[in-house]
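Biologist: I am new to this structure and should be grateful for a close look at a single part. Please describe one loop and the helices beside it.

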Amino acid sequence: MGQVCARRQAIDALKVIAIFMVLNSHLDFLYPIPALAAGGAAGNSLFFIISGFFCSIQRSKKAWILNKFIRLYLSVWILILLKCFCTRFPNTVSEFVAVFIWPTNFWFISALMAFYLIFFIMKVVHVADNIKTISILFLVIYFAVYFIWVVKENVDVEKTSLRLIYGFYTFLLGTWLKKNYNRIAVRANILLSCGVIVFLGSMVFRLLWRKGLVPVGLQFLSQFMNIVFAFAMLVAFLKYEELYSLKAGAWFKKWINFLSSISLEMYIVQFDVIDRFLQVKFPVNVAGTVIFTIALAAILNQISLKI
């Protein structure tokens, strides 16, 4: 399994795909056709399963969780502090916690930190590896919340806490895949085809949902398709690591590695950048958003590395 964990180039490429899917999903006010802003949930699923796959507690448990906390929050704190200097600092303890720790303005960051904490506890009590029991529990909790809340209240499933439940399961699926990769990798070709088909299906599904053509009771299909997509893509990209290394040019790899290294910061700065281009015409607004997001993310990344 050490050989699998050492493979990083294809995963870097997958992270780049994921962050641009997330960024694209937030450009609905910049596109002339808002429906083009899609793929965010699938991109988040890719990040969750990758995080789970590379989640390994190999040293002091306290040092491990502290390192995860600092890595996730350092760039967030830097950006928030800079914005506070331009506006105002929190006045109360509860406001300070909400702004700097939980939930912050970045749900993905706080969600991933919560996943690490829960996984940490599950490892301590030795229940993290029982994927069958976890899957059954996931289905029970998911559909209980789904029918009580989503169906009854007729709300968008992607705007509820269910995205945290299925996100955590996707994360745990990544930890399971890490231990079972060699057995699953033989099906990489089939999984790749399934992943592409499922992704296209999920995009059509969400488009139909926006148009009001999907019954509220079927919304769960989109989240399940995202799980399948993330699982299939991770297996396929790991399987074809060697092919990627041989075919991709040095310049291309360099850019992929660079963009992967700032993917966290890209997620953090994208919202402020998008706001600055709301009054700019298409396609300059989209191009400007992408360029400035990358530039600011690189600066933020360098500042965090020097602290």
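Modeller: The part chosen is the loop between α9 and α10, where Gly 217 is located; helices here are DSSP runs of H or I with at least four residues, numbered from the N terminus. The model is predicted, so local features need pLDDT of at least 70 and side-chain atom pairs count only at pLDDT 80 or more, while totals for chains, interfaces and linings use all residues. Residues are numbered from 1 along each chain as its sequence is written, and side-chain values use heavy atoms, with hydrogens and water left out.

Gly 217 has 27% relative accessibility and therefore counts as partly exposed (buried means under 20% relative accessible area, exposed over 50%, partly exposed in between, with a 1.4 Å probe and protein chains only). Leaving aside residues up to four places away in sequence, Gly 217 touches Tyr 146 and Val 151, contact meaning heavy atoms within 4.5 Å. Phe 252 lies 35 residues from Gly 217 along the chain, and their C-alpha atoms are 44 Å apart.

On either side of this loop, helix α9 (residues 188-210) and helix α10 (residues 220-239) have axes that come within 8 Å and cross at roughly 145 degrees. Such axes are lines fitted to C-alpha atoms, for helices over the stretch in contact, with angles from 0 to 180 degrees between N-to-C directions. Among the residues that meet are Leu 191, Val 198 and Phe 205 in α9, and Met 225, Phe 229 and Ala 236 in α10.

Terms used: Helix = DSSP H or I, 4+ residues; strand = E, 2+ residues; numbered from the N terminus.
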